[in-house]
Amino acid sequence: MDKIRVLLVEDEPTLAMIIKDTLDGNEFEVFIAANGEEGLSRYKETRPDIIVSDIMMPKIDGFTMVRHIRKTDHQIPVLFLSARSAANDVVEGFELGGNDYLKKPFGMAELIIRIKALLNKITVSKEETSSFTLGQYIFDSITQTLQYCGEKQLLSNRESEILKRLCENKDHVLPMKDVLLELWGDDSFFNARSLHVFITKLRHKLSKDESIKILNVRGIGYKLIID
């Protein structure tokens with residue numbers, strides 16, 4: 001079986017080697033970069049399946065590195081690692097195209113689970129053949145595209161997963177807790193804030209058709225309705 005190719009961008013050499021040594025023995029092949037600048041170079045060389053990146057690094061930080069990568073690659077999953085846990089940092093990471101966030105210190109078992117979960121979600125979305133008509137929009141969950149009057153825009157994996165769940169539960173409340181547990185792995189306050197950021201982005205991307213609304217059912221979840 002082909003190994004999962006992981007690009008690990010981490011400026012702490014000891015932690016980087018611990019992660020590499022652990023993952024290399026668990027069906028992974030790990031490529032290490034010591035900062036964001038090196039990470040961009042290694043990304044182009046290795047074409048990894050997933051990126052695991054620290055945020056605070058010399059030369060180029062993790063956020064800036066991912067911003068560059070997202071200009072050409074909207075599909076590769078990105079898992080941010082950071083000792084920082086302020087809500088603004090978490091939200092910024094997701095806004096830049098991050099798919100998950102793991103706070104330091106963390107257990108190796110949790111890291112492996114998070115990586116496999118992200119890759120599994122990508123695989124499932126490609127295998128399914130779900131297409132949804134939302135007013136004047138057409139949403140394709142396989143290609144993760146949203147089309148309006150012939151004009152297509154690409155959604156991130158997380159945006160696509162959330163919109164797919166909203167479509168499947170149209171006119172019914174989609175419990176926030178269920179989404180957080182399925183996509184983030186826990187329903188913490190920080191993850192709830194991140195989910196709200198993605199909902200806001202989806203509202204904006206669907207705003208050309210005023211009949212489409214994503215309602216916030218306070219304290220419970222969200223509801224997609226089309227008037």
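## Briefing on the fold, one sheet and one helix pair

The secondary structure of this protein comes to eight helices and twelve strands, and the model described here is a predicted one. With a radius of gyration of 18 Å, close to the 17 Å that the globule rule gives for 227 residues, the protein is as compact as a globular protein of that length. Its C-alpha atoms fill a box of roughly 55 × 35 × 35 Å along the principal axes.

**Burial and contacts**

- Of the 227 residues in the protein, 50% are buried.
- Among contacts with a separation of 6 or more, 58% are accounted for by residues that lie 24 or more positions apart.

**The sheet β6-β7-β8-β9**

- Four strands form an open sheet in the order β6-β7-β8-β9, and their pairing is antiparallel.
- The edges are taken by β6 (131-134) and β9 (151-154), each of which has a single partner strand, so one side of each is left without a neighbour in the sheet.
- From one strand to the next, the twist averages 20°.
- Helix α6 (residues 157-168) packs on this sheet, where it touches β6, β7 and β8 (145-148), and its direction makes about 70° with that of β6.

**Strand β7 and its two hairpins**

- Strand β7 (residues 137-140) pairs with β6 over four bridges in the antiparallel sense, with Leu134 standing opposite Tyr137 and Phe132 standing opposite Phe139.
- The hairpin formed by β6 and β7 has two residues between the strands, and Gly135 in its turn has a positive phi of about 60°.
- The pairing of β7 with β8 is likewise antiparallel and runs over four bridges, and here Ile138 of β7 stands opposite Gln147 in β8.
- Four residues lie between the strands in the hairpin of β7 and β8, and Gln144 in that turn has a positive phi of about 55°.
- The two faces of β7 are covered and uncovered, with Tyr137 and Phe139 on the covered face and Ile138 and Asp140 on the uncovered one.

**Helices α7 and α8**

- Helix α7 (residues 176-184) packs against helix α8 (residues 189-205) at an angle of about 100°, with the two axes 10 Å apart; α7 and α8 are therefore roughly perpendicular to each other.
- On the α7 side the contact is made by Met176, Val179, Leu180 and Trp184, while α8 contributes Asn191, Ala192, Ser194, Leu195 and Phe198.
- Sorted by class, the contact of α7 with α8 has seven nonpolar and two polar residues, and no charged ones.

Conventions:
Residues numbered from 1 in each chain as written. Predicted model: local features only at pLDDT ≥ 70, side-chain atom pairs only at ≥ 80, totals over all residues. Heavy atoms only, no water. Axes fitted to C-alpha atoms, helices over the stretch in contact; angles between N-to-C directions. Parallel < 35°, antiparallel > 145°, perpendicular 65-115°, else oblique. Contact = heavy atoms within 4.5 Å. Nonpolar A, V, L, I, M, F, W, Y, C, P; charged D, E, K, R; others polar. Pairing = 2+ DSSP bridges. Rg over C-alpha atoms; globule rule 2.2 N^0.38 Å. Buried < 20%, exposed > 50% of the residue type's maximum accessible area, 1.4 Å probe, protein only.
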